[in-house]
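Take a walk through this chain, one strand pair at a time. Keep the 3D view open as you read.

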Amino acid sequence: MADSKDNLLEIDGDGKTDALASARRVLAAEIDGLRAMSDALDGGFTRAVELIAAVEGRVVVTGMGKSGHVANKIAATLASTGTPAQYVHPAEASHGDLGMITASDAIIALSNSGETAELSDLIAYAKLKSIPLISITGRSDSVLAKAADVSLVIPDSPEACPLSLAPTTSTTVMLALGDAIAVSLLERRGFSPDDFRMLHPGGKLGSRLTKAVDLMRSGDEMPLVREDTPMTDSILEMTAKSLGCVGVLDASGTLAGIITDGDLRRHMEDDILAMTAAEVMTTAPKTVDEDVLAAQVLGMMNDNKITSVFLVKAGRPLGIVHIHDILRIGIS
C-alpha cells in the first residue's frame, strides 16, 4: 500500500479541497488501473469464459462488502445479457443459502485480499461438490486464488482514495472485468437484439428495441384501395381509417403508390372527384420491411417529413405504422 500522505490533497485555508482536481485525480487513477488490467489479461481470462460458457446451470457471483456490491451488479449484467446468474451473499450462504448453488453451476468469487473469511464455507462447498470456481482477487498467493480453478488477478494499482483505504480503483477494475466477461459470453453465444429485447421488455431499452411489426395496423385496419378505385371511394377510405393516407394496390396486390393529404391538396384545382386513385397517387412510396426497429422508422419519418409508413414483404403491404403508434410507447 502506498504511503497515504503521498496521496493527500492540498487543503486551503478554509479547509476545502479543489473538487475538480480531486475528481480528475480519482478518474485518472481508475483509468490507470483499467489500463493495467487490460495489459495483464492473458489466457486465464479465456479459460474463465470457456468454463462459464460450458456451465449448464447458473453463474453464482459472490463477494463481501464493496466486493459484494460489485458482485451483485456483475450477476445482474450477466443475467441481462443471456447468462443466467444470481448473487449469493457469502455470510448467508453459511446459513442455508448454499442450497441455492448446485453441481451444475459455476461460482465467481470476488475479494481484493483473497482472504475474506466469509468466503471460506462457500469455497469448501465448491470443492466438495466439484463446482467450478473462478476468483477475482488482488493477490495471486491468496487462499481464494489458490483454491480457484481459474484466478483472475487484478494488478496492484493505487486506490483513488487519498488514504489508500477505501476500495475505489480495485472495485472499478473488478466491475469492468465482470463487464468484459459478460460481453465475451454475449458475443460467444451470438446474443441478438431480439434476445436483449426479450429480457428487457420494460423501460427505455425495451421500447427502443421494439420492432415496427409489433406496432403495425394490419388487415382491415390498413387503408387500401385499387388503382382503378374512384377518388370518391378513396377519400372515404382515407377518412374511415384516420391515418391521413391510403395505399394503392396494383392488379397483383403490390403497393404501387400512396395518396396523402398532400396529394389531395396538389390536385384541388383538378376535377379530383372524377379521377382514379392511380391518377392522384404518389408512386414508389417510402416503405420498410418487417425486421426494422420502430426507432428506425421514426427516424425515417422525421427525415422524410411523413407520418405513416407501410411495412411490405415482396412488395405486398403487411401493415402500416403511424407516428403516433411509435410515440405512444415512449420512443422520441
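Strands S11 (residues 308–313) and S12 (residues 316–322) run antiparallel and are joined by six bridges. This is a predicted model. One of the bridges sets Lys313 in S11 against Arg316 in S12. Two residues separate the strands in this hairpin. One residue of the turn is Ala314, with a positive phi of about 55°. Most residues other than glycine have a negative phi. How much of strand S12 is buried? Five of its seven residues are, which leaves S12 mostly covered.

Now move back along the chain to a second hairpin. Strand S7 (residues 245–249) pairs with S8 in the antiparallel sense, over five bridges. Gly247 stands opposite Ile258 of S8. Five residues lie between the two strands of this hairpin. Gly253 takes a positive phi there, near 90°.

Strand S8 also has a second partner. S8 and S9 pair in the antiparallel sense over two bridges. Here Gly257 is bridged to Thr283 in S9. Is strand S8 (residues 255–260) largely enclosed or open? Five of its six residues are buried, so S8 is largely enclosed by the rest of the structure. The cut-off for buried is under 20% relative accessible area.

Follow S9 to its end. Strand S9 (282–283) leads into a loop, and strand S10 (287–288) lies on the other side. Ala284 sits in that loop. Its phi is near 50°, a positive value in a residue other than glycine. Is Ala284 buried or exposed? Its relative accessibility is 65%, so Ala284 counts as exposed.

Ser130 offers another case of positive phi. Its value is about 55°, although Ser130 is not a glycine. Where does Ser130 lie? It belongs to the loop between helix H6 (120–128) and strand S4 (133–137). Ser130 counts as exposed because its relative accessibility is 60%. Exposed means over 50%.

Next, look at Ser94. This residue lies in the loop that connects helix H5 (90–93) to strand S3 (106–111). With a relative accessible area of 32%, Ser94 is partly exposed. Which residues does Ser94 touch, leaving out those up to four places away in sequence? They are Glu118 and Asp121. Leu293 is a useful marker for distance. Ser94 and Leu293 are 199 residues apart along the chain, and 47 Å separates their C-alpha atoms.

Now step back to the whole chain. It has 15 helices and 12 strands. How does its radius of gyration compare with that of a compact globule? A compact globule of 332 residues would have a value near 20 Å, but the chain has 30 Å. Its C-alpha trace spans about 90 × 60 × 35 Å along the principal axes.

Contacts link distant parts of the sequence. Take the contacts between residues at least 6 apart in sequence: 63% of them join residues at least 24 apart. Of the 332 residues in the chain, 41% are buried.

Finish with the surface and the charges. The accessible surface of the chain comes to about 17,200 Å². Carbon and sulfur atoms account for 53% of that surface. The chain carries 29 positive and 45 negative charges. How far apart are their mean positions? The two mean positions are 2 Å apart.

Conventions. Residues numbered from 1 in each chain as written. Predicted model: local features only at pLDDT ≥ 70, side-chain atom pairs only at ≥ 80, totals over all residues. Heavy atoms only, no water. Helix = DSSP H or I, 4+ residues; strand = E, 2+ residues; numbered from the N terminus. Rg over C-alpha atoms; globule rule 2.2 N^0.38 Å. Buried < 20%, exposed > 50% of the residue type's maximum accessible area, 1.4 Å probe, protein only. Contact = heavy atoms within 4.5 Å. Areas by Shrake-Rupley, 256 points an atom, 1.4 Å probe, with all protein chains shown as cover. Lys, Arg positive; Asp, Glu negative; His and termini not counted. Charge placed at Lys NZ, Arg CZ, Asp CG, Glu CD. Pairing = 2+ DSSP bridges.
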